[in-house]
Amino acid sequence: MTEPAAAPPQRPYARVVDPLPLESPEHNKLHPFYAHLAEGRLTTTRCRRCGRVDWPPRGFCPACTSDAFDWVDLPHVGRIHGFSIQETGVPAGFPRPLVFAIVDVAGLRVFTPLLGVGDPATLAVGAEVRFTPVRVADDPQGQPRHLLAFTPAKGSS
């Protein structure tokens, strides 16, 4: 008679409780970006030393390595450079299908969800989109949070 096989060792299961970025000043040097989203502003960083503007916002300049930067406002209008449609595995709270787009904004390429899309088949590269920050679940301390998003401009979808 053979003995039953030993049970496989149990491994700890890591559960992600808060899938959104830590937006508080205690956890994120780029906290002003999220504060600006809450104000309805789309911003990024500009290096004080060499003047380089980057997306996404940076804590230091990849060109000259300076960590001194200013926040600059970007236009609220952009154009779709490319997009992808996610039909399965859509995160809770987002519409299905979920459209992700790369949007040209002032010469920068911004990766963002594209919300308010009636029919994804009507989207086209080059279509105009508008910055529309989205309020998401509050942080564990009850502070409101916002994420970057764009929506099709009137007549674009």
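Proline 97 is partly exposed, with a relative accessible area of 32%, and this residue of a predicted model is a convenient place to begin a walk through the structure. Proline 97 belongs to the loop between β4 and β5. Although proline 97 and glutamate 87 are 10 residues apart along the chain, their C-alpha atoms are separated by 4.5 Å. Once its neighbours within four places in sequence are set aside, proline 97 is in contact with Ile85, Gln86, Glu87 and Pro120.

## The chain as a whole

The chain has 157 residues, of which 35% count as buried. There are 1 helix and 10 strands, and reading along the sequence gives the pattern α-β-β-β-β-β-β-β-β-β-β. If one takes the contacts between residues at least 6 apart in sequence, 51% of them join residues at least 24 apart.

## Strands and their partners

Strands of a sheet pair through backbone hydrogen bonds, and the pairing may be parallel or antiparallel. In this model, an open sheet of 3 strands has the order β2-β1-β3, with antiparallel pairing. Here β2 (53-54) and β3 (69-73) stand at the edges, and because each has a single partner strand, one side of each is left without a neighbour in the sheet. As for β1, 4 of its 5 residues are buried, so this strand is largely enclosed by the rest of the structure.

Which residues does arginine 46 face in β2 and in β3? In β2, arginine 46 stands opposite valine 53, while in β3 its bridge partner is aspartate 70. Cysteine 47 stands opposite phenylalanine 69 in β3. The hairpin of β1 and β2 has 5 residues between the strands, and in this hairpin glycine 51 takes a positive phi near 85°.

Strand β4, which covers residues 77-86, is joined to β7 in the antiparallel sense, and β4 also pairs with β5 in the antiparallel sense. Within these pairings, valine 77 stands opposite arginine 130 in β7, and serine 84 stands opposite phenylalanine 100 in β5. The table sets out the bridges for these pairs of strands.

| Strand pair | Sense | Bridges |
|---|---|---|
| β1 and β2 | antiparallel | 2 bridges |
| β1 and β3 | antiparallel | 5 bridges |
| β4 and β5 | antiparallel | 7 bridges |
| β4 and β7 | antiparallel | 3 bridges |

## The nonpolar core

The largest nonpolar core has 21 residues, and those that touch the most other members are Leu42, Trp55, Val105, Leu114, Leu148 and Phe150. Two or more residues of this core come from each of the elements α1 (31-38), β5 (98-105), β6 (108-114) and β7 (128-131). Of these, β5 gives the most to this core, with 4 residues.

Valine 105 shows what such a position looks like in detail. Not counting residues up to four places away in sequence, valine 105 touches Leu42, Leu74, Pro75, Val77, Gly78, Val110 and Phe150. Two of the names in that list, Leu42 and Phe150, also appear among the core residues that touch the most other members.

## Histidine 36 in the helix

Histidine 36 has its place in helix α1. Is histidine 36 buried or exposed? Its relative accessibility is 10%, and because buried means under 20% relative accessible area, histidine 36 counts as buried. When neighbours within four places in sequence are left aside, histidine 36 is in contact with Arg41, Thr43 and Trp71.

## The cavity

How many cavities of 30 Å³ or more are counted? The count comes to 1 cavity, and about 60 Å³ of space lies in the largest cavity. The residues that line the largest cavity are Thr45, Arg46, Cys47, Arg52, Asp54, Arg58, Phe60, Cys61, Ser66, Ala68 and Phe69. Sorted by class, this lining has 5 nonpolar, 2 polar and 4 charged residues.

Strand β1 (residues 43-47) gives the largest share of the lining, 3 residues. Arginine 46 therefore has two roles in this description, since arginine 46 is among the residues lining the largest cavity and is also the bridge partner of aspartate 70 in β3.

Conventions
Residues numbered from 1 in each chain as written. Predicted model: local features only at pLDDT ≥ 70, side-chain atom pairs only at ≥ 80, totals over all residues. Heavy atoms only, no water. 1 Å grid on protein atoms, 1.4 Å probe; cavity = no way out; pocket = protein on both sides within 12 Å on 5 of 7 lines; lining within 4 Å. Points joined across faces, edges and corners; volume = space filled by probe spheres on them. Nonpolar A, V, L, I, M, F, W, Y, C, P; charged D, E, K, R; others polar. Core = buried A, V, L, I, M, F, W, Y, C linked by side-chain atoms within 4.5 Å. Buried < 20%, exposed > 50% of the residue type's maximum accessible area, 1.4 Å probe, protein only. Contact = heavy atoms within 4.5 Å. Pairing = 2+ DSSP bridges.
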